[in-house]
Structures are given as C-alpha cells and as structure tokens.
Amino acid sequence: MKKPLGAALFALVIAGAGAAPAVAAPAPTERAAAPTLQAVNFAGTVSLSNCSGSVVRFPNSADTDPALVLTNGHCLETGFPAPGQVIVDQASSRSFGLLNASATRVGTLRASKVAYSTMTDTDVTIYQLTTTYAQIRSTYGISALTLNDTHPVAGTAITVVSGYWKKTYACNIDGFVYRLKEGDWTWKDSVRYTSACNTIGGTSGSPVVDNATGKVVAVNNTGNENGETCTVNNPCEVDESGNVTVRQGINYAQETYQIPACFGAGNKLNLSAVGCTLPKP
C-alpha cells in the first residue's frame, strides 16, 4: 500500500493472512486505440497528511452539490477498514491541501464526513466537504475532476497524479487483475500499470487520469515492493483458477467507474440504487 513509511509499518502490525476471494464481473480484454494525448496537471488534486487524493464529481453532479474528495480506504484517518467492513456517514473534520495546475497549494478544504470507505473488493474513501463545487471554483478557480462511469480499457495512456509528492507518473494500463490479494484484503478487477508507473509511498489515493479524456478511471493504491507473495506491500495476482503470480516492482490501482451509480441527487450516497455494486455495510 502506497502510504509513507510510518503508515506502512502500522499496516504490518495489523495485517495478517489473506482473505478468501469473491466473484467479480469479467473485465474487457480489448486494447484501446491510440488516443490523442493531452497534458495532465495537478489542478483539483489534494494532499492529505499521509496520502494523495483529488476533488471529484460524477457525470450528473451539480455545481451546488457538496464537493467530494476521493482517496484510498487505507488512507482513512481512523485506521484501515477491516476485511468486510464498510463505513458510511462517519463524522470527520479532516483537512486537505488543494493544489492548482502547477502543484502550488492554494487553499485548505475540510471534510464534513466520510461518505463511504472500505477496503473490501476495492480500496476507496470518499469524503464529503463543507464546500460546494461552485464555491471551490469561485474561490480558487479550480474545477473538480470527473469520474468516468465506464470500465477502463487496456492500453490506455494514463497519468497518476500525487498531491502528496507533487509528482506525476505516466504509463499505460497493462491489464486487469481478477483478484489482487494483499495481507488480509482482496480487491476485484484491479488495474495493473506498465512498469513506467513506479509509484512510491505517499502516492496512495492519487487519481489515475485518462490522458485522452482528462477523466479519472482509477485510484492508485499499491505495488509489490519486495517480491513477497500476498503480504502487506507485496500484493499478488490471483486468476480465476486460483493461480498466483507475483510481479515485483509492478504497481496497481482500483477502478472507480462503479462509484457514480451509488450516488444520487445532491451527491447523496445510495447503496441501494439500481446499478450500485459497491460493498454494503
């Protein structure tokens, strides 16, 4: 998990044997056509005390909706959610450093609550802020990043944008992992990067941006550091037949296309909505 060293050591204390895998929808295998690449910058990304993140909106979000920040489940300030645990509507006053296009911190945003957090099937935390998208744009001239609501495609040129380190990593989506196991946690249909995205501790929660559209297609979360098998900071790939593959030095992200279906008008979480497949409490 791509947190700073102190957080990684904490993870080693609480992590144990792997969890049993569950069923996921099959991932597309077709390769994307070569896109027209465009520059990806830091506008709308945020720095956390221990991770990276971004201000995000959904395709149907309104400017008057409370803004949201996306990061990892393992970046939650109250500790790693346990396998099977889903947290919703948890009070939070966490602060985030808002960055502009050139990675200069231009302001501080504050959470009103944790809208959703889990490390089951995916690795995501979504904070609701005390400000709206319109207020952020009016005050700072910065717009939120939009989550794409369709499954990413192998071969897509992407950029991982870390607000914590104020650094970007450019590569391609190499493919998708049926199950990615790390310590006690199992994630479904994860994104595997090509080797150029050599992300490090502190990049956890960074948005993974499709260079052709500028939309977020995943959230950066982990990589195999030492070549170990299925341990914390050393995730392993498990295919449909249970075969295990270890790729030392390769890094991963969790898809975000399934998140918009779980939020309705006013950016309100609705895990019972049609098409919502996120784990429920």
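Hi everyone, let me begin with a definition: two strands pair when DSSP finds at least two bridges between them. Keep that in mind, please, as strand pairing is my first topic. One more thing up front: what you see on the screen is a predicted model.

Let's start at strand S3, which spans residues 66-71. S3 is mostly covered, with 6 of its 6 residues buried. As a reminder, in a regular strand the side chains alternate between the two faces of the sheet. Here Pro 66, Leu 68 and Leu 70 point one way from S3, while Ala 67, Val 69 and Thr 71 point the other way, and all are buried.

Which strands does S3 pair with? One partner is S2, in the antiparallel sense, over 3 bridges. Another is S7, also running antiparallel to S3, with 5 bridges joining the two. Val 69 is a nice residue to click on. Val 55 has Val 69 as its bridge partner in S3, and Val 69 in turn has Tyr 127 as its bridge partner in S7. A little further along S3, Thr 71 has Thr 125 as its bridge partner in S7.

Now let's follow S7 itself. 7 of the 9 residues in S7 are buried, so to speak of it as mostly covered is fair. S7 also pairs with S6, antiparallel, over 6 bridges. One example is Tyr 116, whose bridge partner in S7 is Ile 126. S6 and S7 form a hairpin with 5 residues between the strands, and there Asp 121 takes a positive phi near 70°.

For those of you who like backbone torsions, there are other cases. Asp 89, in strand S4, has a positive phi of about 50° although it is not a glycine. Cys 230 also has a positive phi, near 70°. Cys 230 is found in the loop between strand S13 (216-223) and strand S14 (236-238). Is Cys 230 buried or exposed? Its relative accessible area is 18%, and the cut-off for buried is under 20%, so Cys 230 counts as buried.

On to the nonpolar core. In soluble globular proteins, nonpolar side chains tend to be buried together. In this model, the largest nonpolar core has 39 residues, and Val 55, Leu 70, Phe 96, Ile 259 and Phe 263 touch the most other members. Among the elements that give two or more residues to this core are S2, S3, S7 and helix H2 (133-140). S6 gives the most, with 5 residues.

Take Leu 70 as an example. Beyond its neighbours within four places in sequence, Leu 70 is in contact with residues including Gly 53, Val 124, Ile 126, Leu 147, Val 219 and Ile 259. There is a second, separate core of 14 residues as well, which includes Ala 154, Cys 171, Val 191 and Tyr 193.

Next, the rings. How many aromatic pairs does the structure hold? There are 4. Let me show you one of them: Phe 96 and Tyr 127 are edge-to-face, at 5.1 Å centre to centre with 65° between the planes. Phe 96 lies in strand S5 and Tyr 127 in strand S7, so this pair ties together parts that are 31 residues apart in sequence. Both of these residues, Phe 96 and Tyr 127, are buried.

We also find charges over rings. Lys 167 lies over the face of Tyr 169, at 5.2 Å from the ring centre. Arg 179 lies over the face of Tyr 178, at 3.9 Å from the ring centre.

I'll finish with a polar residue, Asn 72, in the loop between S3 and S4. Where does Asn 72 stand on accessibility, buried or exposed? The relative accessible area is 0%, so Asn 72 is buried. And what does the side chain of Asn 72 reach? The answer is the backbone oxygen of Asn 220, at 3.2 Å. Leaving out residues up to four places away in sequence, Asn 72 touches several others, among them Asp 123, Thr 125, Ser 204, Gly 205 and Asn 221.

That's my tour, so thanks for listening!

Terms used: Residues numbered from 1 in each chain as written. Predicted model: local features only at pLDDT ≥ 70, side-chain atom pairs only at ≥ 80, totals over all residues. Heavy atoms only, no water. Helix = DSSP H or I, 4+ residues; strand = E, 2+ residues; numbered from the N terminus. Buried < 20%, exposed > 50% of the residue type's maximum accessible area, 1.4 Å probe, protein only. Polar contact = N/O pair within 3.5 Å; in protein donor to acceptor, adjacent residues only side chain to side chain. Contact = heavy atoms within 4.5 Å. Core = buried A, V, L, I, M, F, W, Y, C linked by side-chain atoms within 4.5 Å. Phe/Tyr/Trp six-rings, centres within 6.5 Å; stacked < 30°, edge-to-face > 60°. Lys NZ or Arg CZ within 6 Å of the ring centre and 35° of its normal.
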